[in-house]
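Biologist: I should like to understand how this protein chain is arranged. Could we go through it step by step?

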Amino acid sequence: MRVLYIEAACGFGGSLTGLLQLFTALPPEIEPILLTSFDPSPYIEMPQNLIHRVVEIPRRPPHPGHWLQSLIQYYRYIVRPWSTAVSEAIADYQPNLVHANNSVTLNLGAGLAAQKWGVPAISHQKHFEYPEKLSRLAFRRTRFTHHIATSDFVAAHMREFGLAREKCTRVYEPVEGPTQSQLALRELHDVPTVAMHSMLVHWKGQHVFLSAVAKVRQRCKIPFRAVIAGGPPAGDQTYPNQLKKLAKELALEDFVEFLGHVRNVYEFLVGVDVAVHAAIEPEPFGRVAAEAMLAGLPNVVTMGGGPAEYVQHSVTGLHVPRGDVDAMADAIEALISSPEMRQRMGQAAREYALREFSPAELTNQTVTLYRRLVDSAPVSIR
């Protein structure tokens, strides 16, 4: 079975990481072909058996404000170019199925192309949609044969937009865990390290993390370290510069370490004791929290979204309200103050993550869905 995968995001992130980890667990019968609008190789190792094509997608200008102009931009810079690129790829590779990542509105061009060629198609929802008429129309008159939701929270969000329950299957992201040699390096540190590892974008909440760290540092007698790992999408330094300015204002300039993009996440996490996910908007899945669990770490996560769904409060981590600096500071302080709590929660987190995020099991669920859709698809004449 030949599957054409579409990564419509404009830059590297957890969405593509999950897709690449799916590829590593695919059975030999599945031949993956990947279309992206950027080169991921500087950020992550690409599978050798993968057919990969980088397509030219024009960069969308800033939001014009007026709904009609926005709609024209959406068609001109997203729908039409992706529809053309996917249509050309279908003609060249003759796939049995199209699997489009990210969101229905971002994937609409891929759905139109698949429908035109009579190829069954999946839209894999890894982002939330804005509550606009366009999004509601896209779900009610979906061009896709089926949808995958990256969490139960996302599945419920899609149903609110009008998607029928039977058109959607929840499949968590496959997350490859650390090697045994990496796990062997984990230890309880005398000076615990609190860290965020995520893309540097405003909604991920690194500014909230910095403010919480400042409060903990002021009032807590226990020494600790704080680290922020990750880079901005498409090299945009606006938010990273804001974070460094905030760190200086909070007298954290020489305390918080900014590491930039970390290519091997588990080599980084062996030196971490508390992982923080500080998103100020609902996170669809939250790969970084799942990675921390597999590394045997407790998480502090904000409520609403995927991480709060699978990180159990007071069992595998702690929940805090989104944007609440004081609550986040309290949670961080509680964990750095108790090695026993960190160890207990970290062990429970790893046991849970090994069950729920197994690449083999989640890939099996996905491939089973592929077979059902391909077997039930009408014969098309190309």
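The questions and answers below concern a predicted model.

Biologist: In what order do the strands of the 7-strand open sheet lie?

Modeller: Strands of a sheet pair through backbone hydrogen bonds, either parallel or antiparallel. In this open sheet of 7 strands the pairing is parallel. Neighbouring strands are turned by 20 degrees against each other on average, direction ignored. The order of the strands is 3-2-1-4-5-6-7.

Biologist: Which strands stand at the edges of that sheet?

Modeller: An edge strand has a single partner strand, so one side of it is left without a neighbour in the sheet. The strands in this position are strand 3 (51–54) and strand 7 (168–170).

Biologist: Which residue of strand 6 stands opposite Ser123?

Modeller: Strand 5 pairs with strand 6 (residues 146–149) in the parallel sense, over 4 bridges. Helix 5 (residues 152–160) lies across strand 5, strand 6 and strand 7, at about 135 degrees to strand 6. Opposite Ser123, in strand 6, stands His147.

Biologist: Is Gln125 buried or exposed?

Modeller: Gln125 belongs to strand 5 (residues 121–125). Beyond its neighbours within four places in sequence, Gln125 is in contact with residues including Asn102, Phe139, Ile148 and Met158. A polar atom of the Gln125 side chain lies 2.7 Å from the backbone oxygen of His127. Because its relative accessibility is 0%, and the limit for burial is under 20%, Gln125 counts as buried.

Biologist: What is the order of the strands in the open sheet of 6 strands?

Modeller: The pairing in this sheet is parallel. Its edge strands, strand 10 (256–260) and strand 13 (317–320), each pair on one side only. The strands follow the order 10-9-8-11-12-13.

Biologist: Which residue in strand 9 stands opposite Ala195?

Modeller: Strand 8 (residues 193–197) and strand 9 run parallel and are joined by 5 bridges. Helix 12 (residues 325–336) lies across strand 8, strand 11 (274–277), strand 12 (299–302) and strand 13. In strand 9, the residue opposite Ala195 is Val227.

Biologist: How are helix 7 and helix 8 oriented to each other?

Modeller: Two packed helices are described by the angle between their axes and the distance between the axes. For helix 7 (residues 206–219) and helix 8 (residues 238–249) the angle is about 10 degrees, and the axes are 10 Å apart. The contact involves residues including Leu210 of helix 7 and Leu243 of helix 8. Angles under 35 degrees count as roughly parallel, and therefore helix 7 and helix 8 are roughly parallel to each other.

Biologist: How many residues are in the largest nonpolar core?

Modeller: Tyr5, Leu34, Tyr310, Phe357 and Tyr370 touch the most other members of this core. Among the elements that each supply at least two of its residues are strand 1 (2–7), helix 13 (339–356) and helix 14 (359–376). Apart from it lies another core, of 35 residues, Val213 and Met341 among them. The number of residues in the largest nonpolar core is 50.

Biologist: Is Ala251 buried or exposed?

Modeller: Ala251 is placed in the loop between helix 8 and strand 10. Its phi is near 60 degrees, a positive value in a residue other than glycine. Most residues other than glycine have a negative phi. Because the relative accessible area of Ala251 is 54%, and the limit is over 50%, Ala251 is exposed.

Technical notes:
Residues are numbered from 1 along each chain as its sequence is written. This is a predicted model: local features need pLDDT of at least 70, side-chain atom pairs count only at pLDDT 80 or more; totals for chains, interfaces and linings use all residues. Side-chain values use heavy atoms; hydrogens and water are left out. Buried means under 20% relative accessible area, exposed over 50%, partly exposed in between (1.4 Å probe, protein chains only). A polar contact is a pair of N or O atoms within 3.5 Å; within protein, one must be able to donate a hydrogen and the other to accept it, and residues adjacent in sequence count only if both atoms are side-chain atoms. Contact means heavy atoms within 4.5 Å. A nonpolar core is a set of buried Ala, Val, Leu, Ile, Met, Phe, Trp, Tyr and Cys residues joined through side-chain atoms within 4.5 Å. Two strands pair if DSSP finds at least two bridges between them. Axes are lines fitted to C-alpha atoms, for helices over the stretch in contact, and angles run from 0 to 180 degrees between N-to-C directions. Angles under 35 degrees count as roughly parallel, over 145 as roughly antiparallel, 65 to 115 as roughly perpendicular and the rest as oblique.
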